[in-house]
Amino acid sequence: MVADTASAAETEALGARLAAALEAGDVVTVAGELGSGKTTFVRGACRALGVAQAVSSPTYTIGHRYPAAVPVAHLDLYRVRGLCAEEWGDLEPYFDGTIAFVEWPEHAGAWLPPVRAAVTLAHVDESHRRVRIESEHDLRL
């Protein structure tokens with residue numbers, strides 16, 4: 001599925017649509033260049049999943065875990081350069097019983113669990129984004 005969004009609100013709404021198809025144990029990768037709307041997309045999904053607190057990029061902390069009916073994990077691997085087993089051990093709890101969103105998934109190498117949906121965001125122009133959501137599952141988007 002490919003869609004263009006013209007505002008942060010539209011990008012969040014697309015994240016919310018995807019969230020409706022997710023359940024505990026699902027992993028969603030969110031890729032795209034800096035400023036393409038990755039965290040905005042995740043914020044929309046988190047709101048739809050019942051996260052009440054502020055959703056911000058975990059660039060400096062690597063990950064956030066938010067309470068909700070199904071806990072939501074949000075990881076940003078931008079600062080990670082090739083995971084080793086010990087580093088993966090630090091990240092593994094973020095995937096335990098959560099719906100996990102992983103920004104910069106390419107930095108995880110082969111360590112990520114199976115992915116339910118792969119989201120890619122790209123700049124079209126200053127205010128428009130192209131969002132591609134790929135999955136082997138019927139997400140009803």
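Is L139 buried or exposed, and what is its relative accessibility? At 9% relative accessibility, L139 counts as buried; here buried means under 20% relative accessible area, exposed over 50%, and partly exposed in between, using a 1.4 Å probe and protein chains only. The views below come back to L139 after a look at the whole chain.

This is a predicted model, so local features need pLDDT of at least 70, side-chain atom pairs count only at pLDDT 80 or more, and totals for chains, interfaces and linings use all residues. Residues are numbered from 1 along each chain as its sequence is written, and side-chain values use heavy atoms, with hydrogens and water left out.

**Figure 1. The whole chain, for orientation.**
The protein chain has three helices and seven strands, and from the N terminus on they come in the order β-α-β-α-β-β-α-β-β-β. The chain is as compact as a globular protein of its length, because its radius of gyration of 14 Å is close to the 14 Å that the globule rule gives for 141 residues. Helices (H or I, at least four residues) and strands (E, at least two) are DSSP runs, numbered from the N terminus. The radius of gyration is taken over C-alpha atoms, and the globule rule is 2.2 Å times the number of residues to the power 0.38. Along its principal axes, the C-alpha trace spans about 40 × 30 × 30 Å. Of the 141 residues, 45% are buried. Among contacts (heavy atoms within 4.5 Å) with a separation of 6 or more, 62% are between residues 24 or more positions apart.

**Figure 2. Helix 2 and the loop leading into it.**
Helix 2 covers residues 38-48, and S36 sits in the loop between strand 2 (27-31) and this helix. S36 counts as buried, at 0% relative accessibility. Leaving aside neighbours within four places in sequence, S36 is in contact with L121, A122, H123 and R129. Helix 2 itself is largely enclosed by the rest of the structure, because eight of its 11 residues are buried. Those buried in helix 2 are K38, T39, T40, F41, V42, G44, A45 and C46. Just after helix 2, look for G50, which takes a positive phi of about 100°.

**Figure 3. H74 and its polar partner.**
H74 belongs to strand 4 (residues 72-76) and is buried, with a relative accessible area of 0%. What joins the side chains of H74 and E103? They share a polar contact of 2.6 Å; the term covers a pair of N or O atoms within 3.5 Å where, within protein, one must be able to donate a hydrogen and the other to accept it, and residues adjacent in sequence count only if both atoms are side-chain atoms. Neighbours within four places aside, H74 also has plenty to touch: its contacts include T39, V42, S57, P58, I62 and F101.

**Figure 4. I62, a residue with an unusual sign of phi.**
Most residues other than glycine have a negative phi. I62 goes the other way, with phi near 75°. I62 is in the loop between helix 2 and strand 3 (63-66), and at 22% relative accessibility it counts as partly exposed.

**Figure 5. A100 in strand 5.**
Strand 5 (residues 99-103) holds A100, which is buried with a relative accessible area of 0%. Not counting residues up to four places away in sequence, A100 touches D26, V27, V28, A73, Y94 and F95. A100 and L141 are 41 residues apart in sequence and, C-alpha to C-alpha, 19 Å apart in space.

**Figure 6. The C-terminal segment, with L139 and R140.**
Back to L139, found in the segment after strand 7. L139 touches L18, A21, R116, A117 and I133, residues up to four places away in sequence not counted. From L139 to G15 is 124 residues in sequence but 12 Å in space, C-alpha to C-alpha. R140, also found after strand 7 (129-134), counts as exposed at 74% relative accessibility. Phi of R140 is near 55°, a positive value in a residue other than glycine.

**Figure 7. A20, just past helix 1.**
A20 lies in the loop between helix 1 (8-19) and strand 2. A20 is exposed, with a relative accessible area of 70%. The C-alpha atoms of A20 and V2, 18 residues apart along the chain, are separated by 17 Å.
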